[in-house]
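The following exercises introduce a protein chain step by step. Please look at the sequence and the structure before reading the solutions.

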Amino acid sequence: QVQFVESGGGLVQPGGSLRLSCAASGTIFSFYSMGWYRQGYRQAPGKQRELVAGITRGGITNYADSVEGRFTISRDNAENTVYLEMNSLKPEDTAVYYCNGAINGVDYWGKGTLVTVSS
């Protein structure tokens, strides 16, 4: 059974940092393209989750314009884990962050971890 489990969310002050982790199990992690998505309170219910950052099997990364230069995605295939390092956090980064693994046109999702940026 393929599973992706996020961790590392929490409450942080504006300007602070957090590191999210997503651990994979039940599959060969290195075969997947991985991504972090988020869904915040400003998004209408049912609206698609926003892609925050992605990393291919070969390690090529891409970022949403809103997080470029502040967030860094990385993966450790030996640990079956993808990370999202978030710096200079802003209140508008508040959201539930979801880990996504994609392979052969099939998407797998974690259950999400809440990040709240507030003073």
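Two strands pair if DSSP finds at least two bridges between them. Helices (H or I, at least four residues) and strands (E, at least two) are DSSP runs, numbered from the N terminus. The model is a predicted one, in which local features need pLDDT of at least 70 and side-chain atom pairs count only at pLDDT 80 or more, while totals for chains, interfaces and linings use all residues. Residues are numbered from 1 along each chain as its sequence is written, and side-chain values use heavy atoms, with hydrogens and water left out.

**Exercise 1. Describe the chain as a whole.**

Solution.

Step 1. Count the elements: the chain has 11 strands and 0 helices.

Step 2. Consider the dimensions. A box of roughly 40 × 30 × 25 Å, taken along the principal axes, holds the C-alpha atoms. The radius of gyration (taken over C-alpha atoms; the globule rule is 2.2 Å times the number of residues to the power 0.38) is 14 Å, which agrees with the value near 14 Å for a compact globule of 119 residues.

Step 3. Consider burial, where buried means under 20% relative accessible area, exposed over 50%, and partly exposed in between (1.4 Å probe, protein chains only). Of the 119 residues, 39% count as buried.

Step 4. Consider contacts, defined as heavy atoms within 4.5 Å. Among contacts between residues at least 6 apart in sequence, 54% join residues at least 24 apart.

**Exercise 2. Determine the surroundings of strand β9.**

Solution.

Step 1. Locate the strand: β9 spans residues 95-103, and 7 of its 9 residues are buried.

Step 2. Find its pairing with β4. Strand β4 (residues 33-39) runs antiparallel to β9, with 7 bridges between them. Met34 has Gly101 of β9 as its bridge partner.

Step 3. Find its pairing with β11. This strand (residues 113-117) is joined to β9 by 3 bridges in the antiparallel sense; Val115 in β11 is the bridge partner of Ala95.

Step 4. Find its pairing with β10. Strand β10 (residues 106-109) and β9 are antiparallel over 4 bridges, with Asn100 opposite Trp109 in β10. The hairpin of β9 and β10 has 2 residues between the strands, and Asn104 takes a positive phi near 50° there.

**Exercise 3. Is Arg70 buried or exposed, and with which residues is Arg70 in contact?**

Solution.

Step 1. Place the residue: Arg70 belongs to the loop between β6 (61-63) and β7 (71-76).

Step 2. Apply the cut-off. Arg70 counts as buried because its relative accessibility is 11%.

Step 3. List the contacts. When neighbours within four places in sequence are left aside, Arg70 touches Glu85, Met86, Asn87, Ser88, Leu89, Lys90 and Asp93.

Step 4. Consider a separation. Gly8 lies 62 residues from Arg70 along the chain, and their C-alpha atoms are 17 Å apart.

**Exercise 4. Examine the positive phi values of Asn80 and Ser88.**

Solution.

Step 1. Take Asn80, found in the loop between β7 and β8 (81-86). Although Asn80 is not a glycine, its phi is positive, about 55°. Its relative accessibility is 28%, so Asn80 counts as partly exposed.

Step 2. Take Ser88, in the loop between β8 and β9. Phi of Ser88 is also positive, near 50°, in a residue other than glycine. With a relative accessible area of 40%, Ser88 is partly exposed.

Step 3. Link this result to Exercise 3: Ser88 is one of the contacts of Arg70.
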